[in-house]
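Me: Let's test the labels on this model one by one. For each, I want the value and the cut-off behind it.

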Amino acid sequence: TPQKFRLSFSTACESLGILHLNFRLYSLRRGGASHDFASHGSMERSLERGRWQSVKSARVYLQEAQASNCLNAVELLQPRLQQFVNKLSAVTSDRR
């Protein structure tokens, strides 16, 4: 049943130690669609492979996924950006 599958998915996330990431079953569809689209860049191919009936809903999934990927990249770069800002600040304060 769908309920048993959701419970199994939650149990798997718990055993992997990733419950804090709040994955849901739709995360798999979004992640899969994002990965597929990123691998070839063709909306039509992603629509066909994902058996999407609506271009509009597929775009929502893909746009949200792209935004999420962008935020993840910014978070990964944040320590480096902070180091850069600190160095820049030190250099400019030395010149004063």
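Me: Where is the place of Phe84?
Reply: Phe84 sits in helix 4, residues 55–94. Helices are DSSP runs of H or I with at least four residues, strands are E runs of at least two, and both are numbered from the N terminus. The model is predicted: local features need pLDDT of at least 70, side-chain atom pairs count only at pLDDT 80 or more, and totals for chains, interfaces and linings use all residues. Residues are numbered from 1 along each chain as its sequence is written, and side-chain values use heavy atoms, leaving out hydrogens and water.

Me: Why is Phe84 called exposed?
Reply: Its relative accessible area is 54%. Buried means under 20%, exposed over 50%, and partly exposed in between, with a 1.4 Å probe and protein chains only. Phe84 is over the 50% mark, so it is exposed.

Me: What makes the nonpolar surface patch?
Reply: Phe84, Val85 and Leu88 make it, with an area of about 300 Å². Areas come from the Shrake-Rupley method with a 1.4 Å probe; for residues, only the protein chains shown count as cover. Patch residues need over 30% relative accessible area and no salt bridge; nonpolar side chains (Val, Leu, Ile, Met, Phe, Trp, Tyr) are joined within 5 Å, like charges within 9 Å. At 54%, Phe84 passes the area test.

Me: Why does Asp36 count as buried?
Reply: Asp36 has 11% relative accessibility. That is under 20%, so Asp36 is buried. Its place is helix 2, residues 25–40.

Me: How do you know that the side chains of Arg49 and Asp36 meet in a salt bridge?
Reply: The N to O distance is 3.2 Å. A salt bridge needs a side-chain nitrogen of Lys or Arg within 4 Å of a carboxyl oxygen of Asp or Glu, so this pair qualifies. Arg49 lies in helix 3 and Asp36 in helix 2, so the pair ties together parts that are 13 residues apart in sequence. The structure holds one salt bridge. Unlike buried Asp36, Arg49 is exposed, at 54%.

Me: What joins the side chains of Asp36 and His40?
Reply: A polar contact of 2.9 Å. The term covers a pair of N or O atoms within 3.5 Å; within protein, one must be able to donate a hydrogen and the other to accept it, and residues adjacent in sequence count only if both atoms are side-chain atoms. At 2.9 Å, the pair is within the limit.

Me: Which residues does Asp36 touch, not counting those up to four places away in sequence?
Reply: Arg45, Ser46 and Arg49. Contact means heavy atoms within 4.5 Å.

Me: What does the side chain of Thr11 reach?
Reply: It reaches the backbone oxygen of Leu7, at 2.9 Å. Thr11 is in helix 1. Thr11 is partly exposed, because its 43% falls between the two accessibility cut-offs.

Me: Which residues are in the largest nonpolar core?
Reply: Eight residues: Ala33, Phe37, Met43, Leu47, Trp52, Ala58, Tyr61 and Leu62. Helix 2, helix 3 (43–49) and helix 4 each supply at least two of them. Helix 4 gives the most, with three. A nonpolar core is a set of buried Ala, Val, Leu, Ile, Met, Phe, Trp, Tyr and Cys residues joined through side-chain atoms within 4.5 Å. In soluble globular proteins, nonpolar side chains tend to be buried together.

Me: Why does Tyr61 count as buried?
Reply: Tyr61 has 18% relative accessibility, under the buried limit, so the label holds. Tyr61 lies in helix 4. Beyond four places in sequence, Tyr61 touches Tyr26, Arg29, Arg30 and Trp52.

Me: What is Trp52 in contact with, leaving aside its neighbours within four places in sequence?
Reply: Arg29, Ala33, Ser46, Leu47, Ser57, Ala58 and Tyr61.

Me: What is the phi of Arg51?
Reply: Near 55°, a positive value in a residue other than glycine. Arg51 is in the loop between helix 3 and helix 4. Its 72% relative accessibility is over the exposed cut-off, so Arg51 is exposed. Asn22 also has a positive phi, near 55°. Asn22 is in the loop between helix 1 (2–16) and helix 2.
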